[in-house]
Each structure stands twice: as structure tokens, then as C-alpha cells.
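User: Hey, can you walk me through the charged pairs in this one? I'll load it up now.
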Amino acid sequence: MKKTKTILLGSLLAIATISTAAFAGDEGFYAGGNIGVGKPNINTPNGEDKSSSAVGGIVLGYKFNKYLGVEGEYTGIGKVTDKVSGTAKGDAASIAAIGFLPLNDEFNLYGKLGIAATKTKVSSSLAPMNDDTRTAVTYGLGGEYNLNKNIGIRLGWDHYSAAVKDVNNSKDNFGANVVSVGAVYNF
């Protein structure tokens, strides 16, 4: 897994270096926030009562040009509530290459591919499940409408991989999908 992280991070750095030279026209830094709904796919011991929740996140990125950038994000990925009132809640920190497809001056489509570290916290009443972390590939798609040269509104979908530990201390991997709306400010 460590080799995979090194290869992914090296690839992001190579893409950034090559794209800067190939597409001169530095766009700069941007920051933003988002709110949405996270839906983790966790099988709880007593069956799910509720399997999605409101999430929020922050984004910090850098556009090398109008087509390519790199973006870091910290976000919730959702919460599952068990029928016996226990919960499992996840968060993710990610870094991803982001590609933009400008359709006109105001609207872009985008795709993201990167790596995310997730942490799942389990309430004690959800035994035999326990807290765990996982590092895996993350990806997403979305659209961005630019109100002006500084402010953009986004609608996006992101997929994360996370885990909990079972009674044998083995990882029980699961996926989580997050749909969010947010705003970014271009400096």
C-alpha cells in the first residue's frame, strides 16, 4: 500500500510539473466549502436504521491552468445509525488531481482522481465493530458555475473507500458516496 501511495503522489507531482510547462497560464489558488449528504455502505450488526447524513467539507486547491489543478479536501463521508442506536461515522482527507473541461466562460465540468485517508469512528454500542482507518483511491465528478472570475458554485459527487474492524480485528471495507453543493473563491 505504501508503494501505491508513493506512485500516486509521484504521478500527481509529475502531472503538475508537465502541465505547468505545457499549458502556461497559471490560474492560482482557490478555497471553498461544501455541504451535502454522505451515504456510507456499512452493514451494522442489527441492521441499518438510517444510512445517510448531512456532511460538510473544506477545499483548498491550485489551478495550474484552466484545464488542470490539484485539490485537497477534508470532508465527512456520512453516518450509519444501527437499529439499536449505535453509530458509525466517517471522515476523509484527500488529495487529488482535478481536470476541468470548460464548456464556456461560466461553466466547467470536472473530474477528480486521487488518494484519501478515511477514519471511521464507531460508538461503543455497535460492538463488535471498532474504529479503523483506510487509505485508498478516491474519485469524483461535478460541475462548476462561475458567477464571476472569483466566485464559483459547485455541484459534485465523490466516492471514498473506508473500513471498520470486526470482532476478529479484521478490516471490513465499505464504500461511501457524497453528493454536495458548495462554493469556491479564486484568489
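Analyst: Sure. First the rule: a salt bridge here is a side-chain nitrogen of Lys or Arg within 4 Å of a carboxyl oxygen of Asp or Glu. Keep in mind that this is a predicted model.

User: Ok, how do Lys89 and Asp91 fit that rule?
Analyst: Their side chains form a salt bridge, with N to O at 3.8 Å. That counts because the cut-off is 4 Å.

User: And are those two buried or exposed?
Analyst: Lys89 has 42% relative accessibility, so it counts as partly exposed. Asp91 is buried, at 19%, because buried means under 20%.

User: How many salt bridges are there in total?
Analyst: The count comes to 8.

User: Which residues get joined into a network?
Analyst: Lys63, Glu71, Glu73, Lys112, Glu144, Arg154 and Asp158 are joined into one network by salt bridges that share partners.

User: Let's zoom in on Glu71. What does its side chain pair with?
Analyst: Arg154, in a salt bridge of 2.9 Å, N to O. Glu71 sits in strand β4 (residues 68-82) and Arg154 in strand β8 (residues 151-165), so the pair links distant parts of the chain, 83 residues apart. Both Glu71 and Arg154 are buried.

User: What about Glu73, where's its partner Lys112?
Analyst: Lys112 is in strand β6 (residues 107-122), 39 residues apart from Glu73, which is in strand β4. Their salt bridge is 3.2 Å, N to O.

User: Buried or exposed, those two?
Analyst: Glu73 counts as buried at 7% relative accessibility, and Lys112 is buried with a relative accessible area of 11%.

How values were computed. Residues are numbered from 1 along each chain as its sequence is written. This is a predicted model: local features need pLDDT of at least 70, side-chain atom pairs count only at pLDDT 80 or more; totals for chains, interfaces and linings use all residues. Side-chain values use heavy atoms; hydrogens and water are left out. Helices (H or I, at least four residues) and strands (E, at least two) are DSSP runs, numbered from the N terminus. Buried means under 20% relative accessible area, exposed over 50%, partly exposed in between (1.4 Å probe, protein chains only).
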